Protein chains: 2
Amino acid sequence: MTIREVAKHAGVSVATVSAVINDNKYVSDELKHKVLQAIKELNYRPNRWAKSLATGKGYTIAYIVPDITNPIFSRITKGIQGVANEKNYSVILCSTNFDSPTRRRYVDWILEMRVDGVVFTGRHGRESLTEITRLQDAAIPVVTALAPSDVTDMDRVLLDDRESSRLAVRFLKESQCQRIAFVGVRQSTTSKERYRGYSDEIADYCPEQVAYGEDFTWDDGYQAAQQLTKNGALFDGVFAASDIMALGVIACLKEHGRDVPEDVQIMGFDNTYAQWSGQGFASMSIPAFEIGVKAAQMLFDRISEIEIPGMQELFMASLAVPRVRPSLNPNLNLNLKE
Amino acid sequence: MTIREVAKHAGVSVATVSAVINDNKYVSDELKHKVLQAIKELNYRPNRWAKSLATGKGYTIAYIVPDITNPIFSRITKGIQGVANEKNYSVILCSTNFDSPTRRRYVDWILEMRVDGVVFTGRHGRESLTEITRLQDAAIPVVTALAPSDVTDMDRVLLDDRESSRLAVRFLKESQCQRIAFVGVRQSTTSKERYRGYSDEIADYCPEQVAYGEDFTWDDGYQAAQQLTKNGALFDGVFAASDIMALGVIACLKEHGRDVPEDVQIMGFDNTYAQWSGQGFASMSIPAFEIGVKAAQMLFDRISEIEIPGMQELFMASLAVPRVRPSLNPNLNLNLKE
DNA sequence: CTGTTAGCGCTTTCAT
DNA sequence: ATGAAAGCGCTAACAG
């Protein structure tokens, strides 16, 4: 079903059909009606490929993300989708599973597909940088979301992990914790930032007590707590770099006969589990959806014009206190709304 | 950068360039080398639009899903991506937020983009059916994943909710529960199936005790448990239609002074939270990743040929027992691996 | 106002 | 073994 057939069926020229489809030229009501009629009857749909080829506009953006399964990232995705769809763009999802070759192949595709722009989430680092550069060399706008990096002249939206962590620790302090420990991930930039916030806030309050795992997992949280306990550390509060780690910590502490939150209070980060686990620990809620929205907006700004170099947007995580009883404090979980 | 420029640069014809790019015609080593050289030097990438227009192949599939934020769905997505990428297809993500107009607009797009095939997840129902039909009318293959429906001549992969639920309840029975209650969602087909499994299994074991919420949420679980308690129901086991509901149930029971799992054992479904919550309840793990893989494979089978009508694949959920201590039973969480 | 027509970048006969 | 040329379906001058 082509535009030509529609034209024939309606007894007009292809140009007229095109004009009514795109609504960008004056067409008499009569012809317009005929054309619309023909389109209905033939169940015609313009071919996007041809259109893109002719116009040079593809109306697609891509989202490169390490793991779509991560709730934070899937919420970002949702945010991106929302604004893209509003502008009649589609988004191609590129979940790389933290694998460089996969990431590279995606970038190849993106280049071939003449995608209009890319949102990028991922560990910062040399390899990511390479891909981003390839994109930019091809004049494809890129904005990074939650991808801390030293490259400063890049459009990006990030989370103020350090400052957010200070809020977290402050809450622990206000909850009467005297000695607060930190549980993080050794090689993670993100964890490092969260540690710095912890460190800032704890400076002249109590001695630092930290333990690390290799990854943001339950097991690593568990083991870090084990370590803490083994070292005979004294603490009545723990700030963990993620909720899932916090849960590992809690499990370990309970095995050691320490009650949560009676004996020791826990603070997580992410608010992916805290609110619902029933373990009564607080967490820092990441405005992931909003981050996705903002990233997409920046991308479209960049696509449509604008030569401003290095736009940047900084988000803060917000405190999410554990809900006690749903009926008693219905307002507590505002952060979970999307 | 077009194929013509490459040809000029290499001193050959466009046909030759095309031939070496697609590796589908004999080209002398010498020319081949020249062409490759030129491609490198000019940093040339074939234009997908033009290629698709010329060949009629788009190498994209779409995944229509109600909410990418749902862990089960995002795992399905991951499965689909995996097999699609292997075949050099990209996948366009269409997260509809359970909104019909949005879904409709996505289908419009899909139609225009001449997508090769669609995987569909969603509530079954008239509206979904309409969209699926629109797709099929345009000769676009569709396979549904986790979208129970009465239409039998459709390619689909589903979960045997009923049988899986029997396994769940059986586990509760084997754990010495004498009286098992069910907590579900009133209008949900899925919940209905899970109830049937419960009912089957409980038939000549103990009286049925059921309570419903309106949705798969913590609050609805909490309230259903409330209801159960208020009715003075006697139970030492609860099978909840989802983990998040199970957590609501647990919270409620604890408020009523009943210990979990000492006084009453809980069984969830999904295994999205059970394993990690530290609340010591079991759950049924949905092989979501595998479901995605299978759905994509079926789709590609259908795309590439095959007139078999109504292929169908049935998956079972598997029991995931709560981990006690990571060090003690390292094999327990096999189900969580992806 | 409407129609003709020359591309957009690539593939693919069909000659050579 | 290689090249010339005719489309793929649509848009956008340009004529009329």
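## Protein contacts with DNA strand D

In this predicted model, the side chain of B:Thr16 has an N or O atom 2.6 Å from a phosphate oxygen of DNA strand D. Two further residues have a listed distance to a phosphate oxygen of this strand: A:Asn22 through its side chain, and B:Ser28 through a polar backbone atom. The table gives the distances.

| Residue | Protein atom | Distance to a phosphate oxygen of DNA strand D |
|---|---|---|
| B:Thr16 | N or O atom of the side chain | 2.6 Å |
| B:Ser28 | polar backbone atom | 2.8 Å |
| A:Asn22 | N or O atom of the side chain | 3.1 Å |

Both chains supply elements that give two or more residues to the surface near DNA strand D. From chain A these are α1 (3-10), α2 (14-22) and α4 (48-55), and from chain B they are α2 (14-22) and α4 (48-55). The largest share comes from α4(A), with 4 residues.

There are 24 residues around DNA strand D, and A:Ile3, A:Ser18, A:Tyr44, B:Thr16 and B:Ser28 come nearest. Of the strand's atoms that come within 4 Å of the protein, 78% belong to sugar and phosphate. By residue type, this surface holds 14 nonpolar, 8 polar and 2 charged residues.

How are the two protein chains related, by what turn and what shift along the axis? A turn of 180 degrees with a shift of 0.0 Å along the axis lays chain A on chain B, with an RMSD of 0.1 Å. The two chains are therefore related by a two-fold axis. Both copies use the same surface, as 100% of the contact residues of chain A recur in chain B.

Terms used:
Residues numbered from 1 in each chain as written. Chains lettered and ligands numbered in written order. Predicted model: local features only at pLDDT ≥ 70, side-chain atom pairs only at ≥ 80, totals over all residues. Heavy atoms only, no water. Least-squares fit on C-alpha atoms with pLDDT ≥ 70 in both. Contact = heavy atoms within 4.5 Å. Near = heavy atom within 4 Å. Polar contact = N/O pair within 3.5 Å; in protein donor to acceptor, adjacent residues only side chain to side chain. Nonpolar A, V, L, I, M, F, W, Y, C, P; charged D, E, K, R; others polar.
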